[in-house]
Amino acid sequence: MFLLERPLELESIKIKNDLTPALVTEDNLYIFEKNFSSYVPAIKKLLAEGSRPEVYTDENNDAYAMLWVHAGGDYYDKLLYKCRIPIPKDSIYQFAGEVAKDKRGGRITVYAQQHVWNEYYKKGFKNTRALVNDNNIPALRMHFKLQFKETG
């Protein structure tokens with residue numbers, strides 16, 4: 001596992017059109033059925049814990065990209081790693097993300113992250129952290145390309 005961090009002030013990509021995330025509640029979990037149905041039980045748990053998703057939907061209101069963020073303070077991952085991840089109070093933690101198979105290969109992953117980074121930077125947060133499995137080479141490659149550095 002690699003605990004990675006990058007300053008939020010860095011701009012990896014200019015967002016050409018403002019992405020508008022969908023509001024996710026218990027009442028509209030149907031938006032995940034087409035591309036992320038297997039994630040719905042975990043999404044319900046995350047919502048119940050107060051975790052914040054950044055979710056983008058297409059013209060049919062189907063979710064095609066999602067990024068989950070925890071703002072400030074240590075995070076205990078109950079779903080995957082089952083450990084405490086140290087997060088400074090002035091940092092965010094990106095703990096899950098997924099893009100629909102037919103949307104991969106474009107820039108949506110970077111656009112979505114930059115959108116979140118811009119939002120939290122405006123709120124006074126300084127850094128973002130991510131915990132990446134050392135077997136997930138594509139994710140590691142992406143994080144290093146986006147100027148993440150190993151921090152622990």
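A residue is called buried when its relative accessible area is under 20%, exposed when over 50%, and partly exposed in between. In this predicted model, Asn 28 has a relative accessibility of 14%, so Asn 28 counts as buried. The chain that holds Asn 28 has 4 helices and 8 strands. The points below go from the whole chain to two of its helices and then to single loop residues.

**The whole chain**

- Read from the N terminus, the order of elements is β-α-α-β-β-β-β-β-α-β-α-β.
- A compact globule of 152 residues would have a radius of gyration near 15 Å, and the chain agrees with this because its own value is 15 Å.
- Along the principal axes, the C-alpha atoms fill a box of roughly 40 × 35 × 35 Å.
- Of the 152 residues, 45% are buried.
- When contacts between residues at least 6 apart in sequence are counted, 70% of them join residues at least 24 apart.
- The accessible surface is about 8,600 Å², and carbon and sulfur atoms account for 50% of that surface.
- The chain carries 22 positive and 20 negative side chains, and the centres of these two sets are 4 Å apart.

**Helix 2**

- Helix 2 covers residues 40–49, and its buried residues are Val 40, Ile 43, Leu 46 and Leu 47.
- These buried residues lie on the same side of helix 2, because they cover an arc of only 115 degrees around the axis.
- Pro 41, Lys 45 and Ala 48 are exposed, and they sit on the face of helix 2 turned away from its buried side.
- The buried residues of helix 2 pack against helix 1 and against several strands, including strand 2 (52–57) and strand 6 (91–99).
- Gly 50 comes just after helix 2 and takes a positive phi of about 90 degrees.

**Helix 4**

- Helix 4 covers residues 137–145, and Ala 139, Leu 140 and His 143 are buried there.
- Seen down the helix axis, the buried residues of helix 4 fall within an arc of 100 degrees, so they line one face.
- The face turned away from the buried side of helix 4 carries Pro 138, Arg 141 and Lys 145, which are exposed.
- The packing partners of the buried residues in helix 4 are strand 1 and strand 7 (127–132).

**Buried residues in loops**

- Asn 28 is found in the loop between strand 1 (2–7) and helix 1 (33–36).
- Ser 51 belongs to the loop that runs between helix 2 and strand 2.
- Ser 51 has a relative accessible area of 11%, so Ser 51 is buried.
- With neighbours within four places in sequence left aside, Ser 51 is in contact with Leu 46, Trp 68, Tyr 75 and Phe 95.

**Partly exposed residues with a positive phi**

- Asn 61 is not a glycine, although its phi is positive at about 65 degrees.
- Asn 61 is in the loop between strand 2 and strand 3, and its relative accessible area of 33% makes Asn 61 partly exposed.
- Asn 28 and Asn 61 are 33 residues apart along the chain, and their C-alpha atoms are separated by 10.0 Å.
- Gln 147 is not a glycine either, and its phi is positive at about 75 degrees.
- The loop between helix 4 and strand 8 (149–150) holds Gln 147, and Gln 147 counts as partly exposed because its relative accessibility is 39%.

Terms used
Residues are numbered from 1 along each chain as its sequence is written. This is a predicted model: local features need pLDDT of at least 70, side-chain atom pairs count only at pLDDT 80 or more; totals for chains, interfaces and linings use all residues. Side-chain values use heavy atoms; hydrogens and water are left out. Helices (H or I, at least four residues) and strands (E, at least two) are DSSP runs, numbered from the N terminus. Buried means under 20% relative accessible area, exposed over 50%, partly exposed in between (1.4 Å probe, protein chains only). The radius of gyration is taken over C-alpha atoms; the globule rule is 2.2 Å times the number of residues to the power 0.38. Contact means heavy atoms within 4.5 Å. Accessible areas come from the Shrake-Rupley method with a 1.4 Å probe; for residues, only the protein chains shown count as cover. Lys and Arg count as positive and Asp and Glu as negative; His and the chain ends are not counted. The place of a charge is taken as NZ of Lys, CZ of Arg, CG of Asp or CD of Glu. The arc is that of the directions from the helix axis to the C-beta atoms.
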